[in-house]
Each structure stands twice: as structure tokens, then as C-alpha cells.
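These are my notebook entries on a structure I went through today. I began with one contact between side chains and worked outward from there.

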Amino acid sequence: MKTIRIGGGAGYAGDRIEPAVELAQKGDIQYLVFECLAERTIAIGQKQKAADPTKGFNELLADRMHAVLPTCIEKGIKIITNMGSANPLYAGKLVAEIARSLGAKKLKIAIVSGDDVLHMAMDNDVKLDEIGKPISQSNKQIISANAYMGAEAMVQALNNGADIVIAGRVSDPSLFLAPMMYEFGWQPDNWEMLGKGTIIGHLLECGGQITGGYYADPGFKDVPGLARLGFPIAEVDEQGNATITKVAGSGGNVTVDTCKEQMLYEIHQPDRYLTPDVVADFSHVTFTQAGPDRVEVRGGNGFERTNTLKVSVGYQDGFIGEGEISYAGPGAVARGKLALEIVKERFALCGFEPEEVRYDLIGVNSLHGDTLSQSSQPYEVRARVAARCATKAQAAKVGNEVETLYTNGPAGGGGATKSVKEILAMDSTLISRDLATATVDYLEI
Amino acid sequence: MKLREIAHSRTGDKGNTSNISLIAYSQDDYETLKNAVTAEKVKAYFADIVKGEVVRYELPAIGALNFVMYGALGGGVTRSLALDMHGKGLSSAIMDMDI
């Protein structure tokens, strides 16, 4: 039976590059897939593109390509990625330039676009889920709207001989499903196979999270060699069965438990995982340890896809102002609490009313509030005030009011810091599938 | 007994919604998890954090539960004022739950 080996070369935009090089060199893979778009990444890219039309793609694109292209070209490993982000065309041009500089003689780069639906979203005045209103009534400045596209355009690119496929917003598992559909001839309405392939894609999409990254808990969940964590490989057959493994000798481990954690990562209803390709059913998936760092995946399924596409909408939403200061020694927590009370009272005295304010004692209750943090009693504490404000000037006041505790606050405050950052918020909506069409262009060397 | 002794967990985030998996190390403990860790109990445990509904999904095939917690992330990762803006640490927090 025909099998292919797909490597997961990145789990987010800034992921480590060395494990992807190891996959290309020693993984015996035919496909190297880089998943590099979190929900908000493309909105950041859109802002970069607005400032410079040749930017807005993944910032590590050049580094990644310099690192893996020589081996991928030599071995004929195809690369599939969403590193195009807000600007797949210029990402493609950069990859072509790098390939030429490396002496590539023949290379076909496919550019997948069509996910940018900003104009359509504005024209149709789509309703935003969290805000609960149409854009025109939301009072927000919309920066980006990108639809999650499926695997089909990438399959088309592979059918047309692409060696490298560069997309923007496509659903994460679709990046991995595309080579399976291409290699095994799975049709776009073969829901069972698309469901199985989507599950395998979901297992690989976070890179090292299935090989022991983000898993270790010493004494309970020990992971060997985390410093040189290897990234995952799926051996997939045409029946949609897979074995998850990694390069022999690399760090980390692939176990039934690392696979279970990754399968449930960022999913909601397990038997209805919606992607543009299929409604995948994770509920009957089982994992079996078939050997060291080899786990068999069985039992996935899928149902007919929905008629809508999810759209991520990025908008400007004011500023976050932040200030911090530390207290140490006996009474540190009491002085930290006093510092926060003082800042709170001064805000009231000044008539300063941010949209939302948060007062934390870092080392005491800053992560999850008072109830879960009751047993904590540290030597030192860092007081933190953070507020969401409409204007930059208001946000700046937050850090300033914390900093003045140096001469106007409790004893021994040290190391005050302050910052202001612009908020790029995300919302989502659904649009009819026919409102976004993926297109494929090619650059050839 | 602490949950940490029989189960492990990871948190994910989508917008303002957090999901926490709860996976029994041994399939034998799945029933215990199912009986002890209800959606109501998780909602009460995270009362300071989760503003909306908590929905529990069962995955008997892998001995796991998945809790979807709405309104858990202070408006989502980019708007949240929390240091743990993704809610990533919630999976560690639940390990301390007594069952």
C-alpha cells in the first residue's frame, strides 16, 4: 500500500528552525509543511503590508528557506506553508530569489491567494460574532478580514507540478490534507478520508507539541532531550491510517499521551471539528503505541462540509497601558497590596476611568485570581496595573501612576517599568462559501 | 486525591473561549474522572475566570474529557489584560483539583 511521509516543520510563526532542517535531512519525508499563522498573525501582517507593499509575510521566511531549501531541492521534498500570511505574492517572489541564489535550476512555486475578503466583508457589512453587531455599527476600525480556505487550491497547485506552495490564510490541517488528497486521489467529497486526513493534519499542525513539547511536567510527565526536541512525521497510507513518529535520535518523545493532548488541543465539540474541507469527527480516534516514538492513529471520520467559511477579522481597539513595580522582604505582599490601593485611589481622584483595569500581585495572584492562588506566600512580589484605554495618552497614564510610587508610595519599591501597546483585536464571522474563491499563480525558475 | 495523580491536561484558546482537555493516564480511571469532574464543578473551580458557560464533551475512546469554557479569556488573547492572556496555565491549575 502506498504511504507518504509528511513532516511538521513549524507550529507557529516564530518556531525553531533547526528541527525542520533535521526533518529535511534525516526524516525521509516527501513533504515539509510549515504552519505559521496564529489567529492574529495575519492582521499584524496586513498592517506591515499597508506600510510597505512588499512586506506582510512571515518574518522568518528567508531564514527558513535558506536553512531547508538546499536539502529540499536536492531530495525533491515539496514545501507547503501559510507563511505567505498577508502577502503570499511577495513571499513567493522572495522564495524564488533565494532559490535562484542557491543555484536552483528548475523550481515551480505556487502562490495561493483569495483568502483576503476585507472588501467583501465591508461591502456586505458582515456581523461580528463577539461584538454582536455588523461592522458599520461596531464603531471599530477594521484592519483585516481573511477567510479560512481549504485544501483544494493547494491540491490544484500540486497537480500542476508545484514544488513549493505558499498560501495565506488556509485552515491549519488543510496544509497537511492537501498532499494526502494529491497523492492518494482523495476527492473533495470523500468525507471519511478528508476527515481522517484532517485529524492527522491537526496532530501535526503544532510542530513539537506532539513530540513532547509543551508536555513535560517533571516527576509526572518526563520528556527526554527537550533541548533538541525533534518535530513530528506522519506516515500516512491511502486508507487514511497514520503513524506519528519523529527522526531517530532527536529529542522528545511520541507517546499515546502526547498524541491525546495534541488531539484535544484547541478543539471544541470532538465529533464536529469544522474546517473548510470537512466536518471531522475525532470522537472515535484511538492511539496505539507500536514501538518507541511510533504511535498508530486509527478511527477518524468525517462528514459533509458546511456551506460557510470562517473569517478572522482584525480591528483596532485602543491601547493597553501597563506599569509594574516590585517589593521584597518581610511585608512585601502587604506593601504590594498598598501600592495597588494607592494607584486605584489616585485613578479615582484624577477622574481616570479606563475601559477595564486589572490589579495584580505577581507571584501571588496574577495568573488566575485569588481563589486558585490562596496558598501562595512569596518573599517578593511585583505589583502590576494594566488597563485598556481608548487613547494612547490615557494608556500612558497607567504606567506613570505606577512609576510615581518611587517617591509617593510604600517603602522599598524597585524596578518600575511601564509600557503602552496598541491593541489589534480579533473577531470572527461566517460567510457564504461562494464569496471567497482561492486562486493559484505560479512563479517558475 | 489530586487530579494530577491520575490525569493530565492541556489548554487551548479560540477567541474568548478556552478549552481544557482532561486525559486519564489509565483507561481504568476514565469513569472516575467522568463522575468526579463535572461541568458544574469546573465552572465553580474557575469562578474567578470563566464568565460564561462550561460545556463538557466525553471521549471514552481515549479516556478523556474536553471542557469548553466560554468568556474565559478577558476578551481574547489580544484584548486581555491578564498576564496569562491565552489561559495556557489553566490546565496546570486544574491539576490541583481534589477529587
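Entry 1, a salt bridge. I looked up how B:Arg79 and A:Asp317 meet in this predicted model, and I found their side chains joined in a salt bridge, with N to O at 2.4 Å. I then asked how many salt bridges there are between chain B and chain A. The count comes to three.

Entry 2, the wider interface. I noted next that 20 residue pairs are in polar contact across the interface of chain B and chain A, both residues of each pair being at pLDDT 80 or more. On the chain B side, I listed the elements that each supply at least two of the residues touching chain A, and these are strand S2 (11-14), strand S3 (17-24), strand S4 (54-59), strand S5 (64-69) and helix H3 (90-94). Which of the elements gives the largest share of that side? I found that S3(B) does, with five residues. When I sorted the chain B side by class, I got 18 nonpolar, 15 polar and eight charged residues.

Entry 3, extent of the contact. I recorded 41 residues from chain B and 52 residues from chain A as taking part in the contact. I wrote down the buried area as well, since the size of an interface is often given as the accessible area lost when the parts come together. Chain B and chain A bury about 4,100 Å² between them, and 56% of this lies on carbon and sulfur atoms. I saw that B:Arg79 returns here, for B:Arg10, B:Arg79 and B:Leu81 supply 22% of the area that chain B buries against chain A, which is more than any other three residues.

Entry 4, a pocket. I turned to the second largest pocket, which has a volume of about 490 Å³. Of its 25 lining residues, I noted those closest to the centre, namely A:Arg358, B:Asp48, B:Ile49, B:Lys51 and B:Ala82. In chain A, strand S15 (356-362) and helix H12 (369-372) each supply at least two residues of the lining, and S15(A) gives the most, with four. By class, I counted this lining as nine nonpolar, nine polar and seven charged residues.

Entry 5, a cavity. I found one cavity of 30 Å³ or more, and the volume I have for the largest cavity is about 50 Å³. Its lining consists of A:Lys196, A:Ile199, A:Ile200, A:Gly240, A:Asn241, A:Val297, A:Arg298, A:Gly299 and A:Gly300. I traced at least two of these residues each to helix H9 (191-204) and strand S12 (294-298) of chain A, with H9(A) giving the most, three residues. The lining of the largest cavity divides into three nonpolar, four polar and two charged residues.

Entry 6, two residues of chain A. I looked up A:Thr41 and placed it in helix H2 (residues 41-51), where its side chain reaches the backbone nitrogen of A:Ala38 at 2.8 Å. Leaving aside neighbours within four places in sequence, I found A:Thr41 in contact with A:Ala13, A:Cys36 and A:Ser85. I then placed A:Arg346 in helix H11 (residues 332-350). What does A:Arg346 touch, not counting residues up to four places away in sequence? I listed A:Glu401, A:Thr404, A:Leu405 and A:Asn408. For A:Arg346 and A:Glu401, I noted a separation of 55 residues in sequence and 7.9 Å in space, C-alpha to C-alpha.

How values were computed. Residues are numbered from 1 along each chain as its sequence is written. Chains are lettered from A and ligands numbered from 1 in the order in which they are written. This is a predicted model: local features need pLDDT of at least 70, side-chain atom pairs count only at pLDDT 80 or more; totals for chains, interfaces and linings use all residues. Side-chain values use heavy atoms; hydrogens and water are left out. Contact means heavy atoms within 4.5 Å. Buried area is the accessible area (1.4 Å probe) that two parts lose on being put together, summed over both. A salt bridge is a side-chain nitrogen of Lys or Arg within 4 Å of a carboxyl oxygen of Asp or Glu. A polar contact is a pair of N or O atoms within 3.5 Å; within protein, one must be able to donate a hydrogen and the other to accept it, and residues adjacent in sequence count only if both atoms are side-chain atoms. Ala, Val, Leu, Ile, Met, Phe, Trp, Tyr, Cys and Pro count as nonpolar, Asp, Glu, Lys and Arg as charged, and the others, Gly among them, as polar. On a 1 Å grid over the protein atoms alone, a cavity is a set of points where a 1.4 Å probe fits but cannot get out, and a pocket is an open set with protein on both sides within 12 Å along at least five of seven lines; lining residues have an atom within 4 Å of a point. Grid points are joined across faces, edges and corners, and a volume is the space filled by probe spheres set on the points.
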